[in-house]
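Here are some notes to read with the model open beside you. I've grouped them by region so you can click along.

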Amino acid sequence: MQRTLFAVVVVLAIAIAAVLFVVLRPKPTASTTDAAAGARFVIGNSEAKVTVVDFSNYLCSHCRDHANEVFPLIKRDYIDTGKIRYVFRDFPFGGQENVIRAGEAAACAADHNLYVEYHEALFRAQMQWAGLSGEALDNYFTDLAGQIGIAPATFSQCLKSGSKRAGVLADQKLATDLGLTGTPSFIVNGETYTGQRPYDSWREILDKALAGQSSSDQGGSSSPAKP
């Protein structure tokens, strides 16, 4: 009963933070064409004509569902096959220090080429670290790193250094500048999609984007008609 009540309180706190973030959000000052610029975490074909930019919050349940249920299918069918490039961005709401810290932890995992694995692990364990803070939170993130093969001492040193915080806050600012209103938010070749969606919907979005790029390439390479 106590655990259920705690989970409800955490969910309500996340919802309130999201509402306040939207209400207090300034008008967009950046273009969606800038969404992938300077990204820290990118996987897939660097020459791909279609880019997906994923803005997620580590305490967002819909982001968790996307990361654990839909993303693996996108990776299998579109990323691993070289069709698209996929960019990860952090989107903590105001006052979510634990989400910022989670973003820092994921960045430390990236130093060991285990960003995606840690990103997914954070979402799977979402409710286990949601109520933690300070040293207890850092210890949990360090233990989680150990579970995917990162030396705890090395990971802990990275986390304590605070060297990854600026990158998380830069992503947060970019999300605000783009005028994004919720998580997860995705920008696919300049088009914005908000909210978690089933894989079938993602296939339609990605196939349409790929078809559009293919048509553009054909149009751009065609020879002018002779008189």
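Helices and strands below are DSSP runs, helices of at least four residues and strands of at least two, numbered from the N terminus. Keep in mind that this is a predicted model.

1. Overall layout. The chain has 9 helices and 5 strands. Walking along the sequence, you get α-β-β-α-β-α-α-α-α-α-α-β-β-α. Of the 227 residues, 45% count as buried. The accessible surface is about 11,500 Å², and carbon and sulfur atoms account for 54% of that. If you take contacts between residues at least 6 apart in sequence, 79% of them join residues at least 24 apart.

2. Strands 1 to 3. Start with strand 3 (residues 84-90), where 6 of the 7 residues are buried. Strand 3 pairs with strand 1 (residues 41-44) in the antiparallel sense, through 4 bridges. Phenylalanine 41 is a handy landmark there, standing opposite phenylalanine 88 of strand 3. Strand 2 also pairs with strand 3, this time parallel and over 7 bridges. To find the register, look at threonine 51, whose bridge partner in strand 3 is arginine 85. Put helix 2 between those two and you have a right-handed β-α-β unit: strand 2, helix 2, strand 3.

3. Asparagine 57. This one is worth a click: asparagine 57 sits in the loop between strand 2 (50-56) and helix 2 (61-79). Is asparagine 57 buried or exposed? Buried, because its relative accessibility is 0%, and the cut-off for buried is under 20%. Its side chain reaches the backbone oxygen of phenylalanine 91 at 3.1 Å. Leaving aside residues up to four places away in sequence, asparagine 57 touches Cys63, Phe91, Pro92, Phe93, Gln96, Val99, Phe123 and Thr183.

4. The main core. In soluble globular proteins, nonpolar side chains tend to be buried together. Here the largest nonpolar core has 50 residues, and Ile74, Tyr118, Trp129, Phe141 and Phe155 have the most contacts inside it. Helix 3 (residues 97-110) supplies the largest share of this core, with 8 residues. Apart from that core lies another of 12 residues, including Val53, Phe55, Val87 and Ala175.

5. Tryptophan 129. Which residues does tryptophan 129 touch, not counting those up to four places away in sequence? The list is Tyr58, Leu59, Asn98, Ala102, Leu122, Leu137, Tyr140 and Phe141. Tryptophan 129 is also one of the residues with the most contacts inside the largest core, so named alongside Phe141.

6. Glutamine 147. For contrast, go to glutamine 147 in helix 6 (residues 134-147). Glutamine 147 counts as exposed because its relative accessible area is 63%, and the cut-off for exposed is over 50%. Its C-alpha lies 9.3 Å from that of alanine 121, with the two positions 26 residues apart in sequence numbering.

7. The hairpin. Strand 4 (residues 185-188) and strand 5 (residues 191-194) pair in the antiparallel sense, over 4 bridges. Phenylalanine 186 has tyrosine 193 as its bridge partner in strand 5. The two strands form a hairpin with 2 residues between them. Check asparagine 189 in the turn, which has a positive phi of about 50 degrees.

Technical notes: Residues numbered from 1 in each chain as written. Predicted model: local features only at pLDDT ≥ 70, side-chain atom pairs only at ≥ 80, totals over all residues. Heavy atoms only, no water. Core = buried A, V, L, I, M, F, W, Y, C linked by side-chain atoms within 4.5 Å. Buried < 20%, exposed > 50% of the residue type's maximum accessible area, 1.4 Å probe, protein only. Contact = heavy atoms within 4.5 Å. Areas by Shrake-Rupley, 256 points an atom, 1.4 Å probe, with all protein chains shown as cover. Polar contact = N/O pair within 3.5 Å; in protein donor to acceptor, adjacent residues only side chain to side chain. Pairing = 2+ DSSP bridges. Right-handed = clockwise from strand over helix to strand, strands pointing away.
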